[in-house]
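Reader: I'd like a close look at one part of this one, please: the spot where the ligand sits. Can you walk me through what is around it and what that part is attached to?

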Amino acid sequence: MIKILIADDRPTTRYMLKKNLCEWGYDVVEATDGTEAWKLLQIEPFPRIAILDWMMPGIDGVEICKKLQKDKSLPFIYTILLTSKKEREDLVYALENGAHNFQSKPFSPAELRSHLNVAKRLVEADDQLKKYAAQMEQLAEIRARQLIHADRLATLGTLAAGITHEISSPITYVAANTELASNHWRKIRIFLKELLSGNPDQSNNILKSMDKIEKALDRISNGSYRIIKIVRGISSFSRKESAQKEQLNIHDCINVALQLCQNQLKYNIIVKKNYASDIPLIWGNPHQLEQVFVNLISNAAHAMSQFKQGKLMISSEVSTNEVHVRIVDTGPGISDDVINDIWDPFFTTKPEEKGTGLGLSICKEIITRHGGHLWVKNIPDKGACFTVSLSLNEIVYNNSK
Ligand SMILES: Nc1ncnc2c1ncn2[C@@H]1O[C@H](COP(=O)(O)OP(=O)(O)OP(=O)(O)O)[C@@H](O)[C@H]1O
Ligand SMILES: [Mg+2]
């Protein structure tokens with residue numbers, strides 16, 4: 001309900017105005033002079049329409065309009081001056097000083113009512129505009145924050161790409177040479193054993209040292225392969241150039257991934273496929289999509305590795321605009337505590353030598369670059385269900401990334 005202030009020193013005018021305004025459904029407050037009117041205009045909820053006598057004790061009607069124009073802390077208040085003045089110069093003076101409308105005395109209820117309808121429309125439009133402006137401001141702030149974030153990510157991506165490029169060759173060199181040293185060491189070990197067979201005291205000490213060297217070489221080798229895996233992961237995560245796209249059958253990508261994961265699946269896991277028949281071809285990069293499915297399948301295999309028997313169900317489905325692939329396992333599922341963290345780079349619950357925590361962040365990045373979605377939910381009494389959705393629209397592949 002809109003609140004209206006009536007300010008007039010004559011009780012009969014106030015009475016008549018109030019009677020009509022209350023009948024028309026307005027909430028009315030009254031002031032007997034300009035000073036009281038100005039006070040009432042400062043009280044929340046603010047009056048949004050003020051019917052002000054031009055000539056009244058204290059502050060006159062036009063002065064109040066002037067003050068309202070200057071005071072930025074108040075909302076928009078529509079002012080109607082009650083006056084018997086008819087001279088053009090007077091009316092111009094009042095309008096120039098902030099009055100919005102006039103009502104001549106004695107007032108006609110029909111005329112006043114239509115003035116109030118205009119006032120109501122303007123007040124509501126002003127409120128709507130302010131609300132819209134506030135929403136726009138909020139949106140602009142969110143967008144600005146997103147842009148800063150995207151910019152930081154892009155900088156990080158470039159930085160990561162540079163670092164991984166620099167690390168890539170020396171670490172490959174370290175890994176290859178550790179392997180070479182290990183192979184030679186195994187041969188030397190055989191010779192040394194033979195040479196030492198006649199001297200048991202010496203041989204014990206030397207054999208112990210040989211074991212230590214072998215373990216150290218194994219650790220160097222594991223560590224360097226882990227670094228290689230991380231470097232590859234980061235570089236595919238931060239890669240800026242576009243991968244070649246082609247029309248492909250998503251089932252082919254899944255089948256290649258299953259083949260690559262054979263070793264992880266063969267002991268305790270039954271694979272059930274339920275592929276949609278006549279699946280449409282989609283646009284994408286087959287190697288990247290295979291990489292996604294390898295990550296998802298090996299995560300599922302790892303989740304079920306603690307069980308004697310596990311089941312991996314891979315199904316596909318076509319909706320109007322998308323192809324959906326679901327990968328469901330019978331592992332323990334993902335606990336609520338970490339379900340939102342699993343997409344973060346380097347988040348892993350696996351021991352250091354088993355996981356880098358880059359798998360899902362890479363999968364998400366690849367699927368996003370394909371204009372698709374990847375998400376997970378737990379299936380009660382089953383395990384985790386990862387869904388990949390890819391668009392059937394032709395131009396979905398984001399080449400600019
Ligand atoms: N199918 C699944 N069931 C249960 N937990 C899962 C499953 N898939 C992923 N997770 C959880 O999400 C975490 C992050 O997975 P992500 O693939 O990113 O890294 P990772 O498998 O730990 O390491 P890697 O970089 O070698 O893939 C896993 O450590 C695991 O806790
Ligand atoms: Mg993984």
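Author: A quick word on terms before the tour: Ala, Val, Leu, Ile, Met, Phe, Trp, Tyr, Cys and Pro count as nonpolar, Asp, Glu, Lys and Arg as charged, and the others, Gly among them, as polar. Sorted that way, the shell around ligand 1 has eight nonpolar, ten polar and two charged residues. Bear in mind that this is a predicted model.

Altogether 20 residues surround ligand 1, and the closest are Asn-299, Thr-348, Gly-355, Gly-359 and Leu-360. Two helices, α9 (286-304) and α10 (359-369), each supply at least two residues of that shell. The largest share, four residues, comes from α9.

So let's follow α9 away from the ligand and into the sheet. That sheet is open and mixed in its pairing, with five strands in the order β7-β9-β10-β12-β11. At its edges stand β7 (269-274) and β11 (373-379); each has a single partner strand, so one side of each is left without a neighbour in the sheet. Ignoring direction, neighbouring strands here are turned by 15° against each other on average.

Take the β7 edge: β7 runs parallel to β9 (residues 310-318), and six bridges join the two. One residue to look up there is Val-271, whose bridge partner in β9 is Leu-312. Helix α9 packs on this sheet, touching β7, β9, β10 (322-328) and β12 (383-391), and its direction makes about 170° with that of β12. To tie it up, α9 gives four residues to the ligand 1 shell and also packs on the sheet.

Note on methods
Residues are numbered from 1 along each chain as its sequence is written. Chains are lettered from A and ligands numbered from 1 in the order in which they are written. This is a predicted model: local features need pLDDT of at least 70, side-chain atom pairs count only at pLDDT 80 or more; totals for chains, interfaces and linings use all residues. A residue is near a molecule or strand if its C-beta atom, placed from the backbone, lies within 6 Å of it. Two strands pair if DSSP finds at least two bridges between them. Axes are lines fitted to C-alpha atoms, for helices over the stretch in contact, and angles run from 0 to 180 degrees between N-to-C directions. Two residues are in contact if their C-beta atoms, placed from the backbone, lie within 7 Å.
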